[in-house]
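Dear colleague,

Please find the structure handed over below, together with its sequence. I should be grateful if you would read the notes that come after with the coordinates open.

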Amino acid sequence: HRDARIFVERSEADLELVTPLPVPRAVAWEYHINPRKRLRWQPDARGIEARPNAAGRAGVGWESHCDHGAYTLVQRAVDWRPFDYLTLESSLIVRGPVKLPRIRTTFEFAEDGPTRCVVSTRVQARERGFFDRMKIPLAAAVFRRQFRAHYKILAQVLAEDSAEWREKSEATGA
């Protein structure tokens, strides 16, 4: 049902990262779903492929396949509310003996004035058995380090792109 929300709340998250970005939330959204843009701020990815949903569009059912060499991260949109939030179900295809739990991630985009936004990234492990729960703190630490590194690069990319957009608009008198 389209109106059913699939959203990781702060109280349900095994990890939350809150990141201010120097762009409106529609721009931040685009940098989260566009494969070419994501490759610029996720340097550990060898390749990212976006696959449209059954209707041939981005939205619920859209998938992202992100090749990281030792593993492929497959993300499927289960809730898609531009430019408010995006919820992805993720699984890792690991080339090796380690099996990591499936995760659900909500990226929430909140305005912070006309030219800024805050992205709240909330991750929840989907398997909650005894051994799975033992792995969550380690996985959260790894994800936190990776997300922080990625978002630091994203802030730099957005600052560079914003300066370029301003220069172009000043040059054209827009």
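The paragraphs below set out what was found, beginning with the sheet.

Please bear in mind that this is a predicted model.

The sheet is open and has seven strands, paired antiparallel in the order S1-S7-S6-S5-S4-S3-S2. Its edges are strand S1 (15-21) and strand S2 (47-51), each of which pairs on one side only. On average, and with direction ignored, neighbouring strands of this sheet are turned by 20° against each other. Within the sheet, strand S3 (residues 63-67) and strand S4 (residues 71-81) run antiparallel and are joined by five bridges. One point of reference there is Ser-64, whose bridge partner in S4 is Gln-75.

Two helices should be viewed together with the sheet. Helix H1 (residues 25-33) lies across S1, S4, strand S5 (85-94), strand S6 (103-111) and strand S7 (117-125), and runs at about 155° to S6. Helix H3 (residues 130-172) also packs on the sheet, where it touches S1, S4, S6 and S7. The direction of H3 makes about 5° with that of S1.

Turning to the pockets, the largest has a volume of about 780 Å³. It is lined by 39 residues, and those closest to its centre are Tyr-71, Leu-73, Ile-103, Phe-143 and Gln-146. Helix H2 (35-41), S3, S4, S5, S6, S7 and H3 each give two or more residues to this lining. Which element gives the most to it? That is H3, with 11 residues. Sorted by class, the lining of the largest pocket comprises 26 nonpolar, 10 polar and three charged residues.

Nine aromatic pairs are found in a search of the whole structure. In the pair formed by Trp-29 and Phe-109, the ring centres are 5.5 Å apart and the planes stand at 55°, so the pair is tilted. This pair links distant parts of the chain, since Trp-29 belongs to helix H1 and Phe-109 to strand S6, 80 residues apart.

Finally, one feature of the backbone deserves a look. Most peptide bonds are trans. The bond from Pro-82 to Phe-83, however, is cis, with omega near -5°. Phe-83 is found in the loop between S4 and S5.

With kind regards

Notes:
Residues numbered from 1 in each chain as written. Predicted model: local features only at pLDDT ≥ 70, side-chain atom pairs only at ≥ 80, totals over all residues. Heavy atoms only, no water. Pairing = 2+ DSSP bridges. Helix = DSSP H or I, 4+ residues; strand = E, 2+ residues; numbered from the N terminus. Axes fitted to C-alpha atoms, helices over the stretch in contact; angles between N-to-C directions. Contact = heavy atoms within 4.5 Å. 1 Å grid on protein atoms, 1.4 Å probe; cavity = no way out; pocket = protein on both sides within 12 Å on 5 of 7 lines; lining within 4 Å. Points joined across faces, edges and corners; volume = space filled by probe spheres on them. Nonpolar A, V, L, I, M, F, W, Y, C, P; charged D, E, K, R; others polar. Phe/Tyr/Trp six-rings, centres within 6.5 Å; stacked < 30°, edge-to-face > 60°.
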